Amino acid sequence: GNGFELETANDIQLTSTTVPKTITLKDITLLTTTYLNFINVGTYSNSKNWDIVFENVVAPKNKLERIIRAPYAHLHIYGNYEVYTRAENMYIGQITVHEEARVYGEIFYYDYSTWWFERSDCQGSLNIEAGAYVSLNGISGATYPAIYQHFREVNVGENATLKVNKPGNAF
């Protein structure tokens, strides 16, 4: 944290766990030297029981394919989140954007969804708490909506905003 940059040529692998675990990235810029998913799982079920916490995380345009590929995990976003990816920002099971957070997610290469709730057997909820602002963006194509597939609910709190700037449908 503390405003440092983390550059990696390999992804961070979540391993299988039967007890809840948390990985936290705070006050950091994420850089990659190869095309990869920053947080990843070899087997999808390895992401069960994982919470991922981002607070003031930036991923500038570079070779990052996805910031998260963990379809059973729960992502918590605090503070500022500005993420540019070539493909989906993430495969995820649940997202909570906490009060007053500011989120900007963009796909700048492929025609994919910005956030993909890939698994039908997950929680599949997007919760945007009071006063939070979320902007999801895609630069080309309308093949997939910004928020895709197996989400069960999208909750937007009081004075919160969900803005979608992508050709085609939002959901």
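Biologist: Hi! Which residues do ring pairs link into a cluster?

Modeller: Y91, Y109, Y110, Y112, W116, Y144 and Y148 are linked that way. Rings of Phe, Tyr and Trp (its six-membered ring) pair if their centres lie within 6.5 Å; planes under 30 degrees apart count as stacked, over 60 as edge-to-face and the rest as tilted. Before we go on, note that this is a predicted model, where local features need pLDDT of at least 70, side-chain atom pairs count only at pLDDT 80 or more, and totals for chains, interfaces and linings use all residues. Residues are numbered from 1 along each chain as its sequence is written, and side-chain values use heavy atoms, with hydrogens and water left out.

Biologist: Got it. How many aromatic pairs does the structure hold?

Modeller: There are 10 of them. Take Y110 and Y112: their ring centres are 5.1 Å apart and the planes meet at 15°, so this pair is stacked. Y144 and Y148 are edge-to-face instead, at 5.3 Å centre to centre with 70° between the planes.

Biologist: Is Y144 buried or partly exposed?

Modeller: Y144 counts as partly exposed because its relative accessibility is 30%. The cut-offs are these: buried means under 20% relative accessible area, exposed over 50%, and partly exposed in between, using a 1.4 Å probe and protein chains only. Y148 is partly exposed as well, at 23%. For the stacked pair, Y110 comes out at 29% and Y112 at 27%, so both of those are partly exposed.

Biologist: Any charges sitting on rings? What lies over the face of Y72?

Modeller: That's K48, at 4.8 Å from the ring centre. Likewise, K63 has its charged end over the ring of Y35, 5.6 Å from the centre. A charge sits over a ring if NZ of Lys or CZ of Arg is within 6 Å of the ring centre and within 35 degrees of the ring normal.

Biologist: And which residue has a polar contact with Y72 through its side chain?

Modeller: D121, with a polar contact of 2.9 Å between the two side chains. A polar contact is a pair of N or O atoms within 3.5 Å; within protein, one must be able to donate a hydrogen and the other to accept it, and residues adjacent in sequence count only if both atoms are side-chain atoms. D121 is in the loop between β9 and β10, and at 45% relative accessibility D121 counts as partly exposed. Leaving out residues up to four places away in sequence, D121 touches Y72 and R152; contact here means heavy atoms within 4.5 Å.

Biologist: Let's switch to strands. How much of β6 is buried?

Modeller: 18 of its 22 residues are buried, and the strand covers residues 64–85. Strands (E, at least two residues) and helices (H or I, at least four) are DSSP runs, numbered from the N terminus.

Biologist: Which strand joins β6 through 8 bridges?

Modeller: That's β5, residues 50–59, running parallel to β6. Two strands pair if DSSP finds at least two bridges between them. In this pairing I52 stands opposite L75. β6 also pairs in the parallel sense with β7 (residues 90–97) over 7 bridges, with H74 opposite Q94. Then 6 bridges join β6 to β8 (residues 102–107), again parallel, and there Y81 faces V103. Finally, β4 (residues 36–40) and β6 share 4 bridges in the parallel sense, with N37 partnered by R66.

Biologist: Back to H74 for a second. Why is H74 buried?

Modeller: Because its relative accessibility is 15%. Beyond its neighbours within four places in sequence, H74 is in contact with W50, D51, I52, Q94, I95 and T96.

Biologist: Last topic, the core. Which residues touch the most other members of the largest nonpolar core?

Modeller: I52, F54, I67, I68, I95, V97 and W115, out of 39 residues. β6 gives the most to this core, with 9 residues. A nonpolar core is a set of buried Ala, Val, Leu, Ile, Met, Phe, Trp, Tyr and Cys residues joined through side-chain atoms within 4.5 Å. In soluble globular proteins, nonpolar side chains tend to be buried together.

Biologist: What does V97 touch?

Modeller: Apart from residues up to four places away in sequence, V97 touches I77, V103, W115, N127, I128, E129, A132 and V134.
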